[in-house]
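Good morning, and thank you for making time for this item. I should like to take you through one sheet and the packing around it.

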Amino acid sequence: MLEKLRKQLQLHTPQRLDHVTLPEAAVLMPIVERPSPTLLFTRRAGHLNTHSGQVAFPGGKREATDADLYATALREAQEEIALAPQAVQPLGRLSDVISLHGIRVTPWVGLIPPDLPLVADPAELDAIFEVPLSHFLEDQRTHTDVITVDGVAHYVPSYRVDSHVIWGLSAMMLVELLAEGFGMDIDLYRRPAGALRHYPERRSPQRPAAINRNDKPVTRHTK
C-alpha cells in the first residue's frame with residue numbers, strides 16, 4: 001500500500017497557487033508505517049482564541065528563516081509534536097488550498113516510524129491521535145458538509161473517530177490524498193450518497209484567475 005502511495009504521489013502534479021499573493025503556511029500529513037498504516041492528527045488546545053478544539057495536521061505559517069514550505073511543515077511538526085525532521089520520509093506534495101482566513105496552505109505527505117516519543121505542545125495542542133487509513137478508504141464518513149464558495153459547491157466528508165471530528169480544510173486535503181495517492185473514487189465536486197449538511201454560501205478572500213484542468217476553481221476553502 002505505501003509503496004503504491006509513494007509512486008502515485010511522485011506521478012501526481014499538484015495544483016500550485018504561486019501566483020496568489022497571500023500569507024503562506026504548510027502542513028505535514030504524517031502516515032505512520034504500521035502493519036495497518038495510520039494517519040496522524042492533532043487537536044488544537046481548547047484555550048486558543050481561534051480554531052480551538054479543531055482537528056488538524058501539524059503545521060503553521062511560514063517564517064522568514066524557512067528555506068521552503070516543506071521546511072515550514074517540518075519545523076512546525078517539530079515544534080508542535082516533537083517530531084524530528086530526520087524521522088520523516090517525504091512522499092510528495094498535494095495541491096495548495098486557501099483558507100477563508102486568506103492563507104495559502106501547502107500540504108506535504110510524509111512517512112514516519114511507529115511509536116515515536118511524540119509530545120503535544122500544550123500551548124497549541126491538547127491531543128495527538130492516529131486513525132487507520134482503512135477508516136477513510138472505506139469511506140466511513142458520518143455525513144458530508146456542503147460548503148459553497150463563490151457559487152461552487154464543495155462536498156467535504158466529515159468523519160467522527162471517538163471524540164474527534166475530522167472535517168473542513170483537513171478533510172479537503174484528505175480527499176486529494178485518497179484520490180491521487182490511493183486511487184479512491186472520491187471527488188470534492190461530486191455529490192456523494194448519504195446525509196448532507198449545508199453551510200451558508202461564502203465568498204473567497206481572494207479569487208485567483210487560474211482554473212484547474214476540470215474548469216473548476218483551484219481554491220478550496222472551509223469554515
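**The sheet and its surroundings**

Let us begin with a single pair: in S10, valine 156 is the bridge partner of aspartate 145. Before going on, I note that this is a predicted model, in which local features need pLDDT of at least 70 and side-chain atom pairs count only at pLDDT 80 or more, while totals for chains, interfaces and linings use all residues. Residues are numbered from 1 along each chain as its sequence is written, and side-chain values use heavy atoms, with hydrogens and water left out.

Helices (H or I, at least four residues) and strands (E, at least two) are DSSP runs, numbered from the N terminus. Two strands count as paired if DSSP finds at least two bridges between them.

S9 and S10 run antiparallel and are joined by seven bridges. They form a hairpin with two residues between them, and aspartate 150 in the turn has a positive phi of about 55°.

What does aspartate 145 stand opposite in S12? The residue there is arginine 197. Threonine 144, for its part, stands opposite leucine 196 in S12. Strand S9, residues 143-149, runs parallel to S12, with three bridges joining them.

The open sheet thus named has four strands, ordered S11-S10-S9-S12, with mixed pairing. Strand S11 (164-166) and strand S12 (196-198) are at the edges with a single partner strand each, so one side of each is left without a neighbour in the sheet. From one strand to the next, the twist averages 30°.

Helix H4, residues 168-182, packs on the sheet and touches strand S10 (152-161) and S11; contact here means heavy atoms within 4.5 Å. The direction of H4 makes about 95° with that of S10, where axes are lines fitted to C-alpha atoms, for helices over the stretch in contact, and angles run from 0 to 180 degrees between N-to-C directions.

Is S9 mostly covered or mostly open? It is mostly covered, seven of its seven residues being buried, that is, under 20% relative accessible area, with exposed over 50% and partly exposed in between (1.4 Å probe, protein chains only). His143, Asp145, Ile147 and Val149 point one way from S9, and Thr144, Val146 and Thr148 the other.

Finally, the largest nonpolar core has 42 residues, of which Leu39, Phe41, Phe136, Ile166 and Leu177 touch the most other members. H4 gives the most to this core, with nine residues.

Definitions and conventions: A nonpolar core is a set of buried Ala, Val, Leu, Ile, Met, Phe, Trp, Tyr and Cys residues joined through side-chain atoms within 4.5 Å.
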